[in-house]
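This report goes through charged and aromatic side chains in one protein model, then turns to the chain as a whole. Please keep the structure open while reading.

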Amino acid sequence: MVMAAWVGVGLPLAKGETWFTIQQVPPVAGASFTSGQPDQLQFFLAVGNDSRDPNGVGLGDAIHVIAVNPGAKAASIIDIPRDTDVGGGKINSILAKGGLSQFTQTISNFVGVPIKFSITTNFAGFTDMVDEFGGIDVNVQEPMHDVDSGADFDPGLQKLNGPGALAFSRDRHSFSAGDISRTANQGYLIITALQNVQQRAVGAGGVLNLLGNLGRHVQMENVSFQELYRLSRLVLTIDPANIKNVVIPTGGGSGTNLSPGAGIDGLFADFRDDGVLQSH
């Protein structure tokens, strides 16, 4: 039945611009989608890359490890600044050089969690996705006026279309903390997007419609529609208020490179045990 709905709303690899490249990494012991919904702790990687080519994959400039704990009905997002150096240079370059699979493995090793799925989208894919969704209502928390990113927002509730959401995600010059604030805002936008979906009362049929829109613009490897459907239904049960969004601590480095900062081991330990940040 689910597969019939998938065929009805849009086949993967149909003509159109690529929104996402989705890849499943090797099976993780204890991670199962055999039930109606995932019932165990799940870790995922969401990456925004800077390619201007609608079908391209560039540098991994927005890096977010997401944990969903079904039992606790809670989730956490670990945000990793693009200039973080995990050995061998900035972490964002690994996506462009080695592809999504290698990038996922690097992040998995860095954080110390088994990442089941990873997903990436580029500039064109991101803006098209937001526009087809109908925009995102975002509470802008401080002035954002940056010529480089195109951000031009006053504080308060703003309706962001695709280009506006991209500008919001890319702005770093409006903040004294620069890329640290930008990285936090990207995680905040993920949570806000979930809140928007829930406020629009997207039920089972709505999830199929959203995945159908996704399917018309995706490339997938080793991941079934059924798995994506079950994961989507699970995420919709999480109250956005129960999602913590934390940027990793960083220190100094050579040039613009950022070394992992003091306290990062404690943050990762808090994250990996149950996916719920309790002391951060």
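Are Phe44 and Phe117 buried or exposed? Phe44 is buried, and Phe117 is buried too. The model is a predicted one, and every value below is computed from it.

**Aromatic pairs**

Four aromatic pairs turn up when the whole structure is searched. One of them is formed by Phe44 and Phe117; this pair is stacked, with 6.1 Å from centre to centre and 0° between the planes. Phe44 belongs to strand E2 (residues 42-49) and Phe117 to strand E5 (residues 117-121), so the pair links distant parts of the chain, 73 residues apart. Put plainly, the Phe44 and Phe117 pair connects strand E2 with strand E5.

Another pair consists of Phe168 and Tyr188, and this one is tilted: the centres are 6.5 Å apart and the planes make an angle of 40°. Phe168 is part of helix H4 (residues 162-170) and Tyr188 is part of helix H5, so this pair ties together parts that lie 20 residues apart in sequence. The two rings fall into separate classes of accessibility. Phe168 counts as buried because its relative accessibility is 2%. Tyr188 has a relative accessible area of 22% and is therefore partly exposed.

**Salt bridges**

How many salt bridges does a search of the whole structure find? The search finds five. Three of them are listed here with their N to O distances.

| Positive partner | Negative partner | N to O distance |
|---|---|---|
| Lys90 | Asp83 | 3.5 Å |
| Lys159 | Asp137 | 3.6 Å |
| Arg182 | Asp179 | 2.7 Å |

In the bridge between Lys90 and Asp83, the lysine is partly exposed, with a relative accessible area of 27%. Asp83 is buried, its relative accessible area being 11%.

The side chains of Lys159 and Asp137 also meet in a salt bridge. This pair links distant parts of the chain: Lys159 sits in strand E9 (residues 156-160) and Asp137 in strand E6 (residues 136-140), with their positions 22 residues apart. Lys159 counts as exposed because its relative accessibility is 53%. Asp137, at 29%, counts as partly exposed.

The bridge between Arg182 and Asp179 has an N to O distance of 2.7 Å. Both residues lie in helix H5 (residues 179-199), three residues apart, which is about one turn of the helix. Arg182 and Asp179 are both buried. Elsewhere, salt bridges with shared partners join Asp61, Arg82, Asp83 and Lys90 into one network.

**Surroundings of Arg182**

Which residues does Arg182 touch, not counting those up to four places away in sequence? The residues are Arg82, Ser169, Arg170, Asp171 and Arg172. Arg82 is also a member of the network described above. Arg182 has a relative accessible area of 7% and is therefore buried. The side chains of Arg182 and Asp179 are also joined by a polar contact of 2.7 Å.

**Asp270, a buried charge without a salt bridge**

Asp270 lies in helix H8 (residues 264-274). This residue is buried yet has no salt bridge. Which side chain of opposite charge is nearest to Asp270, and how far away is it? That side chain is Lys244, at 6.5 Å. A salt bridge requires a nitrogen and a carboxyl oxygen within 4 Å, so the Lys244 distance does not qualify.

Asp270 does have a polar partner: a contact of 2.8 Å joins its side chain to that of His280. With residues up to four places away in sequence left out, Asp270 touches Val276, Leu277, Gln278, Ser279 and His280.

**The chain as a whole**

The secondary structure comes to eight helices and eleven strands. The protein has 280 residues, and 50% of them count as buried. Among contacts between residues at least 6 apart in sequence, 68% join residues at least 24 apart. The accessible surface comes to about 12200 Å², and 54% of this area belongs to carbon and sulfur atoms.

Conventions: Residues are numbered from 1 along each chain as its sequence is written. This is a predicted model: local features need pLDDT of at least 70, side-chain atom pairs count only at pLDDT 80 or more; totals for chains, interfaces and linings use all residues. Side-chain values use heavy atoms; hydrogens and water are left out. Buried means under 20% relative accessible area, exposed over 50%, partly exposed in between (1.4 Å probe, protein chains only). Helices (H or I, at least four residues) and strands (E, at least two) are DSSP runs, numbered from the N terminus. Lys and Arg count as positive and Asp and Glu as negative; His and the chain ends are not counted. A polar contact is a pair of N or O atoms within 3.5 Å; within protein, one must be able to donate a hydrogen and the other to accept it, and residues adjacent in sequence count only if both atoms are side-chain atoms. Contact means heavy atoms within 4.5 Å. Rings of Phe, Tyr and Trp (its six-membered ring) pair if their centres lie within 6.5 Å; planes under 30 degrees apart count as stacked, over 60 as edge-to-face and the rest as tilted. Accessible areas come from the Shrake-Rupley method with a 1.4 Å probe; for residues, only the protein chains shown count as cover.
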